[in-house]
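These are my notebook entries on a single protein model. I set down what I looked up, entry by entry.

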Amino acid sequence: DLAVKNGRQLGATFGGGIRINAIGAVTTFNNVVISDNFSGFGGGGLVIDAASTTTTLNNCRVENNTVVSNGTTSATGAGILMNKFSATVNINDSTISANAASSTSTSGGVYGGGISTFGTLNLTDSVVSNNMVSSPSVTTFSGGIHVTGGTTTILRSTIANNASTVTSNLVAGFAGGIYNQQATVIITDSI
């Protein structure tokens, strides 16, 4: 078993814990804990930042990762950020929990406390819970899963107790659980 913990990526760039940045990479994580990592922009725990990649997580925990933007950029995907439309992420028997994205910026937004996806996401027999997006100054989208593109398929999984919060009446918080912005989302036998 492997633990990837306490990574720090400062500034407006991706990946506090792990960054996959090779076109066509095939990566499998088995029994891995990705926790307590930090990014100043996106992908606090894990970021997939290359085209045509396939990433699989089996029996993994992605937890307590944070993204905090205090500049002019968005905060995206505190647990997992899939940043390419041609990427695929398969999550099996895993838990994505207690990840948080926030911003004190006056522009951009906050997207996906647990997972933010632009590509193909297959979530099976997994839990996405207790994740959060928050801001006092910009709009927030989905504490659990933020879907911007591609196809997301959720099977026999639980999406619970996620939150999207704002502390100003000048902006809005959307969808604690799942926010589908411009994509296809298929949910079967899930809570």
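**Entry 1. S129**

I began with S129, which I located in strand β19, residues 127-129. The model is predicted, and I read every entry with that in mind. I asked whether S129 is buried or exposed. The relative accessible area of S129 is 11%, so I entered S129 as buried; the cut-off for that term is under 20%. I then looked for polar partners of the side chain and found that of N130, with a polar contact of 3.5 Å between the two side chains. Leaving out residues up to four places away in sequence, I listed the residues that S129 touches: I96, S97, A98, A160, N161 and N162.

**Entry 2. N162**

N162 appears in the list for S129, and I took N162 up next. I placed N162 in the loop between β24 (158-160) and β25 (163-166). The relative accessibility of N162 is 12%, so this loop residue also goes into my notes as buried. What does the side chain of N162 reach at 2.9 Å? I found the backbone nitrogen of N131 at that distance. A polar atom of the N162 side chain also lies 3.1 Å from the backbone oxygen of V128. Beyond four places in sequence, I noted contacts of N162 with V128, S129, N130 and N131, with G143 and G144, and with G176 and G177.

**Entry 3. C60 and R61**

I turned to C60, which sits in the loop between β8 and β9. With a relative accessibility of 2%, C60 counts as buried. Its contacts, apart from neighbours within four places in sequence, are F29, N30, N31 and V32, together with D93, S94 and T95. I also looked up the separation of C60 and T153: these two are 93 residues apart along the chain, and their C-alpha atoms are 18 Å apart.

R61 belongs to strand β9, residues 61-63. I recorded 40% relative accessibility for R61, which therefore counts as partly exposed. R61 touches V32, V33, I34 and T95, again without residues up to four places away. Between the C-alpha atoms of R61 and G79, which are 18 residues apart along the chain, I noted 9.7 Å.

**Entry 4. V4**

I found V4 in strand β1, residues 2-5. V4 counts as buried, because its relative accessibility is 18% and the limit is under 20%. How far apart in space are V4 and G17? The C-alpha to C-alpha distance is 6.3 Å, across 13 residues of sequence. G17 is also among the residues that V4 touches beyond four places in sequence; the others in that list are I18, V33, I34, S35 and N37.

**Entry 5. Positive phi at D36 and S52**

I checked backbone angles next. Most residues other than glycine have a negative phi. D36 is not a glycine, yet I read a positive phi near 60°. D36 is placed in the loop between β5 (32-35) and β6 (38-39), and at 30% relative accessibility D36 counts as partly exposed.

S52 likewise is not a glycine, and its phi is positive, about 60°. I placed S52 in the loop between β7 (46-48) and β8 (54-58). What share of relative accessibility makes S52 partly exposed? I entered 46% for S52.

**Entry 6. The whole protein**

I closed with the overall values. I counted 28 strands and zero helices in the protein. The radius of gyration is 15 Å, close to the 16 Å that the globule rule gives for 191 residues, so the protein is as compact as a globular protein of that length. Along the principal axes, the C-alpha atoms fill a box of roughly 40 × 35 × 25 Å.

I then looked up burial and contacts. Of the 191 residues, 50% count as buried. Among contacts with a separation of 6 or more, 83% come from residues 24 or more positions apart. The accessible surface comes to about 7,600 Å², and carbon and sulfur atoms hold 50% of that surface.

Last, I looked up charge. The protein has 6 positive and 7 negative charges, and I noted 9 Å between the mean positions of the two sets.

How values were computed:
Residues are numbered from 1 along each chain as its sequence is written. This is a predicted model: local features need pLDDT of at least 70, side-chain atom pairs count only at pLDDT 80 or more; totals for chains, interfaces and linings use all residues. Side-chain values use heavy atoms; hydrogens and water are left out. Helices (H or I, at least four residues) and strands (E, at least two) are DSSP runs, numbered from the N terminus. Buried means under 20% relative accessible area, exposed over 50%, partly exposed in between (1.4 Å probe, protein chains only). A polar contact is a pair of N or O atoms within 3.5 Å; within protein, one must be able to donate a hydrogen and the other to accept it, and residues adjacent in sequence count only if both atoms are side-chain atoms. Contact means heavy atoms within 4.5 Å. The radius of gyration is taken over C-alpha atoms; the globule rule is 2.2 Å times the number of residues to the power 0.38. Accessible areas come from the Shrake-Rupley method with a 1.4 Å probe; for residues, only the protein chains shown count as cover. Lys and Arg count as positive and Asp and Glu as negative; His and the chain ends are not counted. The place of a charge is taken as NZ of Lys, CZ of Arg, CG of Asp or CD of Glu.
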